[in-house]
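Student: I would like to learn how to read a structure with two copies of a chain, step by step. Could we look at one together?

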Number of protein chains: 2
Amino acid sequence: MTAPESQHPVLGVMHAHRSIRRFTADVVPDLDIQRAVEAAQCAATSSWIQAYSLLQVTEHETRTQLVELVGGQPQVARAGAFFVVLADTRRHRLLAERAGAPYANNLEVFLLATVDASLFAQNLALAFESLGYGICYIGGLRNELPTVDRLLRLPHGVFPLFGMAVGSAAEDPGIRPRLPSDAVWFRDRYPDDEVMFEAIERHDVEARAYYTERGAPGRDWSGGTWRKFRAPSRTDLAEYFSSKGASFE
Amino acid sequence: MTAPESQHPVLGVMHAHRSIRRFTADVVPDLDIQRAVEAAQCAATSSWIQAYSLLQVTEHETRTQLVELVGGQPQVARAGAFFVVLADTRRHRLLAERAGAPYANNLEVFLLATVDASLFAQNLALAFESLGYGICYIGGLRNELPTVDRLLRLPHGVFPLFGMAVGSAAEDPGIRPRLPSDAVWFRDRYPDDEVMFEAIERHDVEARAYYTERGAPGRDWSGGTWRKFRAPSRTDLAEYFSSKGASFE
């Protein structure tokens, strides 16, 4: 194990990450949002296509409705700011249409936009954290996307991926351990199963200690993980994204 | 426009990003890779699933073959280190199999892994940059994925997304401008087309200046962008990823 990197200005911010779900009532000033957005935009983008947008939801009534739509997460209404990260192909489509050119659509295009938007989002999250805010990704945004889509009046060619709540932390949760680095970083060959299981067992030792400390002894990472994939979730995504112009061919 | 943030330890590193394609012969020490990987792992991960892995390619012969497979990018062989970022569902599948539990697979699962891997990758890129290295994402890794797959002997359940070349920069390229922040950050409502076209026009002014300075007057962002989508590219992705266990249903 290396040191926790608390002395390094960038790695230290990364290592300090945990999801914040309770926030003070302080709003996030527009100037800080602008600083974070402009820094986030500096992330790499495939062939300079910049296939992302960020929809900030400020209307109280809309944010209140989103709380339930994402699975009952009050921070969506209470955080200093709430955003929806969009994989955005709309600008490209508008430009093709204006030029009278074909727009060739397939899985590669969806993947380009999803990766571009995710790189932007992680820079955004880290930018906010470096400015002293707490953040929480809201994957639950995908729970009921057709309803979210109508609520946010999203146009064609735009694919909402997840939400992000940002604000001043009103809690100080612990940091969850991660898989040992040798379980995710390999040289030249993906490891055999028994090697991977051994690394997962080391992770479970840390996970059990993490859970025990939080009053949930007996839980571990591997058990929690296979249970997440027992039943299908968000089964309407392909139909919804296709209706907005995505192709998975 | 805000200041370039050069005084801010994190935003400054973000703003300094540009793709580096020429590297010195210096290797990247394992200790620096480990520091970057461990910091990258601190990125948010959906429900703690950690659906990513990083395959470092060190074998000279393999890296030389990859240069052509990704479209003729010599930095894949010459950079101090070369990595393939994997959206990785294999650990989850192994755990489900061991538990005798079903593994429910659909587009949501592919999306979870793709986003998780991309957040990890952007932290990784920024971590390397903060340690003084240059980086370049290699989307061309998806040019001939079935061949890359065989070359790297990737197992089932693992989806290669892109490569990343890392090393000591042997060039000092300029920074490409980004869309104005009001073209990507909106409040409550996605902008109407004319508003978006106006923002794109402001971006094109900067893009033309960028190209003119580099001896390519007349080029702009919008023209380059719609041309990228005229013809389909990487049309075998759905078949390839499906063959490795992905579902797009």
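Tutor: We will take the symmetry, then a single chain, then the core, keeping in mind that this is a predicted model.

Student: By what turn and what shift along the axis can chain A be laid on chain B?

Tutor: In general, two copies of a chain are related by a rotation about an axis and a shift along it. Here a turn of 180° with a shift of 0.0 Å along the axis lays chain A on chain B with an RMSD of 0.0 Å. The two copies are therefore related as by a two-fold rotation axis. The same surface serves both copies, since 100% of the contact residues of chain A recur in chain B.

Student: Which helices and strands does chain A have, in number, and how compact is chain A?

Tutor: Chain A has 10 helices and five strands. Its radius of gyration is 20 Å, close to the 18 Å that the globule rule gives for 249 residues, so chain A is as compact as a globular protein of that length. Along the principal axes, its C-alpha atoms fill a box of roughly 60 × 45 × 40 Å. Of the 249 residues in chain A, 47% are buried.

Student: Which residues touch the most other members of the largest nonpolar core?

Tutor: That core has 151 residues, and those touching the most other members are Val85(A), Met164(A), Val85(B) and Met164(B). Leaving aside residues up to four places away in sequence, Val85(A) touches Tyr52(A), Leu54(A), Ala117(A), Ala121(A), Leu161(A), Phe162(A) and Met164(A).

Definitions and conventions. Residues are numbered from 1 along each chain as its sequence is written. Chains are lettered from A and ligands numbered from 1 in the order in which they are written. This is a predicted model: local features need pLDDT of at least 70, side-chain atom pairs count only at pLDDT 80 or more; totals for chains, interfaces and linings use all residues. Copies are superposed by least squares on the C-alpha atoms of residues with pLDDT of at least 70 in both. Two residues are in contact if their C-beta atoms, placed from the backbone, lie within 7 Å. A nonpolar core is a set of buried Ala, Val, Leu, Ile, Met, Phe, Trp, Tyr and Cys residues joined through C-beta atoms within 7 Å. A residue is buried if 20 or more other C-beta atoms lie within 10 Å of its own, exposed if 12 or fewer, and partly exposed in between; C-beta atoms are placed from the backbone. Helices (H or I, at least four residues) and strands (E, at least two) are DSSP runs, numbered from the N terminus. The radius of gyration is taken over C-alpha atoms; the globule rule is 2.2 Å times the number of residues to the power 0.38.
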